[in-house]
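Visitor: I would like to learn how to read the aromatic side chains in a structure, beginning with the overall fold and then going down to single rings. Could you take me through it?

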Amino acid sequence: MDMPMSNSSMNSMNMQMSFYWGKDVTVLFSGWPESKSGMYVVALFFVLFLGAAVEILTMLPAAVKPGTKPVIGAFIQTSVHAVRMCFAYMVMLSIMSYNVGIFIAAIAGHGLGFFVVKFRGLAGETGQQEELSRNGIAYKI
């Protein structure tokens with residue numbers, strides 16, 4: 001038998017279910033950013049940081065030095081994976097606020113993180129190519 005809900009419980013369950021603009025949003029925690037412009041900007045940068053961190057942790061291998069015990073290496077890689085998944089789920093929950101600004105910040109964060117990783121990779125490749133060409137070794141891709 002279904003029990004009727006009181007008005008107070010119905011009001012607390014009212015959620016936005018389509019994209020909208022504005023600073024009146026709840027991101028991750030109840031009452032945050034509290035409809036304040038400054039805190040909304042902090043929330044945007046926080047989501048941007050989370051998105052970038054997810055991409056950086058995804059693309060960069062966990063630094064396990066050669067000769068490390070397999071158990072320690074597995075623990076380090078598992079820890080990095082757990083942190084990455086925590087950040088990824090936080091980004092997903094932030095996007096579920098359906099706020100367009102938060103959505104754009106998440107996409108921009110993922111793009112920024114991907115750019116940083118690829119830029120470092122390409123800069124490293126270019127440095128290796130220049131080093132090899134200075135040593136007289138032909139290097140072709």
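Visitor: How many helices and strands does the secondary structure of the chain come to?

Guide: Please keep in mind that this is a predicted model. Its chain has 4 helices and 0 strands, and read from the N terminus the order of elements is α-α-α-α. Of the 141 residues, 21% count as buried, and among contacts with a separation of 6 or more, 64% join residues 24 or more positions apart.

Visitor: How many aromatic pairs does the structure hold?

Guide: There are 4 aromatic pairs. One of them joins Phe 19 and Tyr 98, whose ring centres are 5.9 Å apart; because their planes stand at 75°, and an angle over 60 degrees is the criterion, the pair is edge-to-face. This pair links distant parts of the chain, since Phe 19 sits in the loop between helix 1 (7-12) and helix 2 (37-59), while Tyr 98 sits in the loop between helix 3 (70-95) and helix 4 (100-134), 79 residues apart.

Visitor: Why do Phe 19 and Tyr 98 count as partly exposed?

Guide: The class in between runs from 20% to 50% relative accessible area. Phe 19 has 46% relative accessibility and therefore counts as partly exposed, and Tyr 98, with 24%, also falls into the partly exposed class.

Visitor: What is the geometry of the aromatic pair formed by Phe 115 and Phe 119?

Guide: That pair is stacked, with 5.9 Å from centre to centre and 20° between the planes. Phe 115 and Phe 119 are 4 residues apart in helix 4, so about one helical turn separates them. Phe 115 is exposed, with a relative accessible area of 53%, and Phe 119 is exposed as well, at 52%.

Visitor: Which residues do ring pairs link into a cluster?

Guide: The cluster consists of Phe 19, Tyr 98 and Phe 103. Phe 103 has its place in helix 4 and is partly exposed, with a relative accessible area of 32%.

Visitor: Which residues make the nonpolar surface patch?

Guide: A patch is read by asking which nonpolar side chains on the surface join up, and here Phe 19, Trp 21, Phe 103, Ile 104 and Ile 107 make one of about 550 Å². Phe 19 and Phe 103 thus appear both in this patch and in the ring cluster with Tyr 98. For the chain as a whole, about 10,300 Å² is exposed, and carbon and sulfur atoms supply 68% of that area.

Notes. Residues numbered from 1 in each chain as written. Predicted model: local features only at pLDDT ≥ 70, side-chain atom pairs only at ≥ 80, totals over all residues. Heavy atoms only, no water. Phe/Tyr/Trp six-rings, centres within 6.5 Å; stacked < 30°, edge-to-face > 60°. Helix = DSSP H or I, 4+ residues; strand = E, 2+ residues; numbered from the N terminus. Buried < 20%, exposed > 50% of the residue type's maximum accessible area, 1.4 Å probe, protein only. Contact = heavy atoms within 4.5 Å. Areas by Shrake-Rupley, 256 points an atom, 1.4 Å probe, with all protein chains shown as cover. Patch = residues over 30% accessible without salt bridge, like charges linked within 9 Å, V, L, I, M, F, W, Y side chains within 5 Å. Salt bridge = Lys/Arg side-chain N within 4 Å of Asp/Glu carboxyl O.
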